[in-house]
Amino acid sequence: KALGDMPGPSVASFAWDLFAKRGLSRLHELQLEGVRRYGPVWKASFGPILTVHVADPALIEQVLRQEGQHPMRSDLSSWKDYRRLRGHHCGLLTSEGEEWQSVRSLLGKHMLRPKAVEAYDQTLNSVVEDLIAKLRLRRSSEGLVTDIASEFYRFGLEGVSSVLFESRIGCLDETVPEETERFIQSINTMFVMTLLTMAMPRWMHQLFPKPWNVFCQCWDYMFDFAKGHIDQRMAAEAEKVARGEKVEGRYLTYFLSQTDLPMKTVYSNVTELLLAGVDTISSTLSWSLYELSRHRAVQASLREEVLSVLGGRRVPTAADVAQMPLLKATVKEVLRLYPVIPANARVIAERDIQVGGYLIPKNTLITLCHFATSRDPAVFPQPDRFQPQRWLSREQSHHPYASVPFGVGKRSCIGRRIAELELYLAVARILMEFDIKPDPEGISVKPMTRTLLVPENVINLQFTER
Ligand code: HEM
């Protein structure tokens, strides 16, 4: 069958859903509606872009198995437009082809190999230590910490900075540096503007320039922030060399700068890695504690697991968390319910491909509906329930592409192992220090799309000292 035979909403009705019915922040729910109305494959026009939605694990597998040598996420991104406009290079998130491959191979050695990642546990533990102290500082007399995500944003930024620069930037200090707050604010606003700028045809940017201008200002700030930190770090190294001292960095910026990559490439990669490590960690940690506070039995079992592996020690290592199956299952379950990237995409430029009986012409944008597959009752019984045990049960097996929060294959998340280690160390440590309960006056919180999937309302939790 041809693209013309594919079902889907008309341009006008989809635009109405997006703009008039707050659809941009409900894009993840529109995936579920799409499956209900049209089945596992449908087409829709997202502003000027025609995209084929695929919402079935086996069909997502079909797409990803045909993605070719140098997979491309999206060709139409406003992120790339910004870089072209300012003459910046692209980082791993936005580069393509050979340019992407060379940096991917280099960083993969330091970010994907288990041994290389384990070596970051002490660095990350010192950030977790500061997070615990900050939570203590932020608690009211009843133990309530309001808006936990705001603290976890800073934790995410401090964590990723520590592996990028091997130094601390003070996000968890009592007084947070203003530039840090502005960096986090820039990420948030940039994500809101991403969807808006992509849904608007380019000619509309002239007519309504605000979204595009704000989007560019946010990126300008992020690039400046990263460059400032890199230059500072490189200057410190140069001074050491001048004093005749040996320089032996164990941090990602160092590895990047030791190659013959142009500095512009180092700047763009560090900017994109900083950006990738903030909301992803913050949202996943927020949802983890939110769900554990509402599932006290799971919380108790998980604490028991942590205590029994540690046998009297207070600080877990990478080797310890590797022996905690319930901890891993908890994070998996959180990412199934709240996949930070609710929809991913691919553009296959080399050839036409077949998916679900349709011939999809090359260069079509294909949206992979991960939120829909990970909430599919046919794959995950009682899909809206938080049940980490489902990942441990031998009876239940799931299609391997049904919940793929980090993506699969060559272009999958390069920060996956660092992110998992950071989350495991933080959750384990928090549970050892505190009993987590919901805010007695709290409401149930739903996710919303802001390019990424984030909590719609603030999450307040009670942290009772253990
Ligand atoms: C819970 C945490 C995280 C989740 C769920 C997540 C998820 C993802 C997903 C779904 C992708 C796209 C994969 C694809 O297209 O197949 C991705 C790409 C990427 N992520 Fe993550 N991520 C997380 C944390 C991080 C962290 C902490 C970093 C940095 C240290 C990071 C760096 C990146 C980069 C650089 C890419 C682009 C890789 C490429 O195109 O080669 N991520 N991530």
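The following exercises, each with a worked solution, concern a predicted model.

**Exercise 1. The nonpolar cores**

Task: Identify the residues with the most contacts inside the largest nonpolar core, and the helix that gives the most to this core.

Solution. Step 1: The largest nonpolar core comprises 90 residues, and Leu327, Tyr424 and Ala428 have the most contacts inside it. Step 2: The helix that gives the most to this core is H19, spanning residues 416-433, with eleven residues. Step 3: Take Tyr424 and set aside its neighbours within four places in sequence; Tyr424 is then in contact with Val321, Leu327 and Val331. Step 4: A second core, separate from the largest one, has 33 residues, including Leu24 and Val355. In soluble globular proteins, nonpolar side chains tend to be buried together.

**Exercise 2. The four-stranded sheet**

Task: Determine the strand order of the open sheet of four strands, and state which strands stand at its edges.

Solution. Step 1: The order is S1-S2-S7-S4, and the pairing is mixed. Step 2: The edges are held by S1 (41-46) and S4 (344-347); each has a single partner strand, so one side of each is left without a neighbour in the sheet. Step 3: From one strand to the next, the twist averages 30°. Step 4: At one edge, S1 pairs with S2 (residues 49-54) in the antiparallel sense over six bridges, and Ser45 has Leu50 in S2 as its bridge partner. Step 5: The hairpin of S1 and S2 has two residues between the strands, and Gly47 in this hairpin takes a positive phi near 60°. Step 6: At the other edge, S4 and S7 (residues 365-368) form an antiparallel pair over four bridges, with Thr367 of S7 as the bridge partner of Ala345.

**Exercise 3. The environment of strand S1**

Task: Decide whether S1 is largely enclosed by the rest of the structure or largely open.

Solution. Step 1: A residue counts as buried if 20 or more other C-beta atoms lie within 10 Å of its own. Step 2: Five of the six residues of S1 are buried, so S1 is largely enclosed by the rest of the structure.

**Exercise 4. The three-stranded sheet**

Task: Describe the open sheet of three strands and its edge strands.

Solution. Step 1: This sheet has the order S3-S11-S8, with antiparallel pairing. Step 2: S3 (144-145) and S8 (434-438) are the edge strands, each pairing on one side only. Step 3: Five bridges join S8 to S11 (residues 461-465) in the antiparallel sense; Phe434 has Glu465 in S11 as its bridge partner.

**Exercise 5. The shell around the ligand**

Task: Characterise the residues that surround the ligand by number, origin and class.

Solution. Step 1: The ligand is surrounded by 26 residues, the closest being Ala276, Thr280, Gly407, Cys413 and Gly415. Step 2: H13 (263-276), H14 (279-294) and H19 each supply at least two residues of this shell. Step 3: By class, the shell divides into 15 nonpolar, seven polar and four charged residues.

**Exercise 6. The position of Ile341**

Task: Locate Ile341 and establish its exposure and its contacts.

Solution. Step 1: Ile341 lies in the loop between H17 (325-337) and S4. Step 2: Ile341 has 19 C-beta neighbours inside 10 Å and therefore counts as partly exposed. Step 3: Leaving aside neighbours within four places in sequence, Ile341 is in contact with His370 and Leu452. Step 4: Although Ile341 and Thr451 are 110 residues apart along the chain, their C-alpha atoms are separated by 7.5 Å.

Definitions and conventions: Residues are numbered from 1 along each chain as its sequence is written. This is a predicted model: local features need pLDDT of at least 70, side-chain atom pairs count only at pLDDT 80 or more; totals for chains, interfaces and linings use all residues. A nonpolar core is a set of buried Ala, Val, Leu, Ile, Met, Phe, Trp, Tyr and Cys residues joined through C-beta atoms within 7 Å. A residue is buried if 20 or more other C-beta atoms lie within 10 Å of its own, exposed if 12 or fewer, and partly exposed in between; C-beta atoms are placed from the backbone. Two residues are in contact if their C-beta atoms, placed from the backbone, lie within 7 Å. Two strands pair if DSSP finds at least two bridges between them. Axes are lines fitted to C-alpha atoms, for helices over the stretch in contact, and angles run from 0 to 180 degrees between N-to-C directions. A residue is near a molecule or strand if its C-beta atom, placed from the backbone, lies within 6 Å of it. Ala, Val, Leu, Ile, Met, Phe, Trp, Tyr, Cys and Pro count as nonpolar, Asp, Glu, Lys and Arg as charged, and the others, Gly among them, as polar.
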